[in-house]
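Colleague: I'm new to this one, so could you walk me through how the chains touch?
Modeller: Sure, let's have it on screen and go step by step.
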Amino acid sequence: MILYLGKRVLAVAGVLLVICAVTFTIFYVLPTDPAVHACGKTCSSEQIALVRQEMGLDRPIHEQFAAYVSGIAAGRDGCAFPCFGYSYQNSLPVWDLLTDRMAVSVSLALGAALLWLTVGVLIGVASALRKGSALDRTLMAGTLASASVPVYFTAMILLLVLVQYLEFLPYPDYRPLTEDPVGWATNLLLPWVTLASLYAAMYARQTRSSMIETMGQPYIRTARAKGLHERTVVTKHGMRSALTPIVTIFGMDLGGLLAGAVITEHVFGLPGIGQLTYDAIFKADQPVMLGVTLLAAFFITVANLVVDLVYAGIDPRVRYA
Amino acid sequence: MTALLQVTDLRVTFAAGTAVDGVSFTAHQGRTLGIVGESGSGKSVSSLAVMGLHRNAIVEGSIVFDGEELVGASPSRLRALRGSRMSMIFQDPLSSLHPYYTVGEQIAEGYRLHAKASRRAARERAVEMLADVGIPSPRARVADYPHQFSGGMRQRVMIAMALVCEPDLLIADEPTTALDVTIQAQILELIKKIQEERGVAVIMITHDLGVVARVADEVMVMYGGAPVEHAPARQVFKTPGHPYTRGLLDSIPRHDLGGGGPLQAIPGSPPSLLTPPQGCRFHPRCPIYARASAEICATERPAFIAGLACHYPGAAT
Amino acid sequence: MSPLLDVNDLRMTFRGGVRAVDGVSFSVRQGETLGLVGESGCGKSTTGRMIVRLLEPSGGQVTFDGRDITHVSRRRLLPLRGDLQMVFQDPFTSLNPRRTAAQIISGPRRLLDRDGTIALLERVGLGAEHADRYPHEFSGGQAQRIGIARALASRPKLVICDEPVSALDVSIQAQIVNLLRKLQEEEGLAYVFIAHDLSVVAHMCDRVAVMYLGRIVEIGDRKTVYADPAHPYTRALVSAVPLPDPDLEQDRERIVLLGDPPNPASPPAGCTFNPRCAKAQNICRQEAPVLRLVRGRQAACHFPD
């Protein structure tokens, strides 16, 4: 078990290093000159050359890469561990930018995840148990519609109806959980619903098909043959197996969202990592882009590892090897 | 002798069609009824109806278990009987056991429900049951998962699970079909031993006439959703009355008779549930009809009289 | 006359060191049927798959029609493919669902024209009306007939039949057994007939090889082996088959083997059958017996019956 975990952690580190190398190379070969961006529009070519030298851009790529990686691992002169470099826009450390905004993205992702998981699974199970009924058809038509509507559209409609006309909710404005828990929740409710409406629809459909398959398994018939109440058959014997594949996709989806939901954050003006990504792309702020990419890769690979561990806990046939 | 189970004129209809039409049989304490038929004959559908396990079907007729009518009984009453007074084991023990729970949990589950036993007592009971069905070192294996057992051992677990509440009726639906022949012999011995010790009534459902010959006191042969012949086992095998029974017996390869020669096959295929043939359902494949081409076989369904559903009783032997 | 197929010391070791087939040798003459029987996991199907090279043997030699085909390249094997065919257990999963019966039979290389295809359909007991139907429109028995026709289209000399009737109903089983026998007589085919059902094998085969845990434990003439088995495993296997006769079932001596076949990843030392054998002595736990002549057949046992 320890050995297995060790191997997996090493593998995660390996994957991250590869992603780092690939991303770094892509940015290196891009035609934009970071020194121009960093220096500003009025710089002369001598000034740019000076900046280039200062930023280490005149050194060969492998040296730059080594410096970058060792900076992350141990920090480098003047830039504390973990050093992801400095933003071209405001010269702030990328790591500080990321940590400042992480709370927003994590709040958004976790709240939405809780919502979509509950709603999606409930709809899916209800639909599966009444397969072919009017309820099933209505729910499935609803999820299809919900999954087809783009996030920014849902967001606009919700803003228009709930905020503009009904004045039911405030226009989202992020409040830290630690300072104002109620404000935190009321302000995030709209983004949560927006994001969850898309995912809940997909989860409902997944849960439904998984549940239908499970309820057709011979061991469900065995459970009924024991005289168990149908409620027990569905929850203890059915859902336990049916939700196993849901765990897998949930881990991956959540991992991806922790590093920012770009569109949702942008539409609601939430100062999260998604918003940071959005700005970095438009300003060609390469250190920030690199940092965001690595953060996303980190969350996804770790989520993957966690999913595998959880899976082995659920399914006794899966063993660490 | 009063019957433990009396099924009369059972009819099971699904959205797609009628799978069982006019099935009657009885099961007695300490005796084994063999129900034989090919795929689609309705043998499994009938037994699932007895257990009340059909969910999307209309079940008509009468199923009287120990004096109590089960057709139309409340779901809670059926649940109280299922697993406690009547139990069932299935064909594929691997897929019939839940992969995520230990065999001990799965055996104990029914006992805790029906006998209102504590967790600890149910676990002790599971160990006892595993020992009874011949699983070595039961105290250690009770915490193992189904995938850690061999096919034969899994079927023993299924049997332990079925017997945990000391049922009066055990329905075995093709219990050895998925098993190897040497393991099949073990499981059939076990079922026989259990019957002798506990006096349960057994309904053995199988496509294998050899299995029936080994275990059954009485045999019902089904074809196209209804019985065609029902008689004591010796009679069915020695003097089969229905041309289908006759044909089935002739088509079985026999290694003990020297083998080598061609087999007497029944031409054609079993009827489909959706479009059963008019008249006697066996007539398109029947040698009597082919020979005499009696019109009545093609137009009128033969009544089930004196254990036989044939317009020409006696012609087969 | 040299045999059509000669299998010599064939071995298959899967990852993890599981010796699925562990030194199997036999030969098949032209027009002959050899039955390979045994329980699940004994290596009979793996052996069949190695002969047609669906699996690459780990060791040993397969000689077909005088040529060593054990490791020949796929391209060199192609001309031989026509002579060496296979019929599978599940007719539905082994037939392409998007091809009609006629397309399946004539194959990607269009071995037969329309008339030839229909003639072949008729020979396997179907008709011209079946030519343009898809596999799902057939019953199990009919689909298996298509599988057989597909195998016969290239006029093979040897057909490996891997459990060809075990998925079928009893009454249909007999039809297919009879069909395979009829085709053999007409074409002079040789079969390797792989099955777990000893009774079916008894009706199909001239000679029979009984396998246990990757090895042949007894091989010989069908009548000799069935009537008077020399290996205790064969004896148990034969006695375990239920017979459709209550009187026989009551009277006959039945050997119920204890336990399960051992795990092929860690086979017992000596004779692999010794943990389940009533006659096992010390030598059986130490030394693996080799096939030797016992009363007119070969058996691998230190103490043959």
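Modeller: One term before we start: two residues are in contact if their C-beta atoms, placed from the backbone, lie within 7 Å. Also, this is a predicted model.
Colleague: Okay, so how many residues do chain C and chain B put into their contact?
Modeller: Chain C puts in 37 residues and chain B puts in 41.
Colleague: Which elements of chain C give two or more residues to that side?
Modeller: Those are α6 (170-187), α7 (198-204), α8 (222-227), α9 (232-240) and α10 (246-251) of chain C. The largest share is from α6(C), with eight residues.
Colleague: What sort of residues are on that side of chain C?
Modeller: They split into 19 nonpolar, nine polar and nine charged.
Colleague: Switching over, how many residues of chain B are in contact with chain A?
Modeller: 23 residues of chain B, and they meet 18 residues of chain A. On the chain B side, α2 (75-81), β6 (86-89), α3 (93-96) and α4 (103-114) give two or more residues each.
Colleague: Which of them gives the most?
Modeller: α4(B) does, with four residues. Overall, that side of chain B has 10 nonpolar, nine polar and four charged residues.
Colleague: Now chain A: which residues are buried in helix α9?
Modeller: In α9 (residues 218-225) of chain A, the buried ones are A:Tyr219, A:Thr222, A:Ala223, A:Arg224 and A:Ala225.
Colleague: And what do the buried residues of α9(A) pack against?
Modeller: They pack against α10 (230-242) of chain A, together with β6 and α3 of chain B.
Colleague: What comes just after α9(A)?
Modeller: There you find A:Gly227, which takes a positive phi of about 90°.

How values were computed: Residues numbered from 1 in each chain as written. Chains lettered and ligands numbered in written order. Predicted model: local features only at pLDDT ≥ 70, side-chain atom pairs only at ≥ 80, totals over all residues. Nonpolar A, V, L, I, M, F, W, Y, C, P; charged D, E, K, R; others polar. Buried ≥ 20, exposed ≤ 12 C-beta atoms within 10 Å, placed from the backbone.
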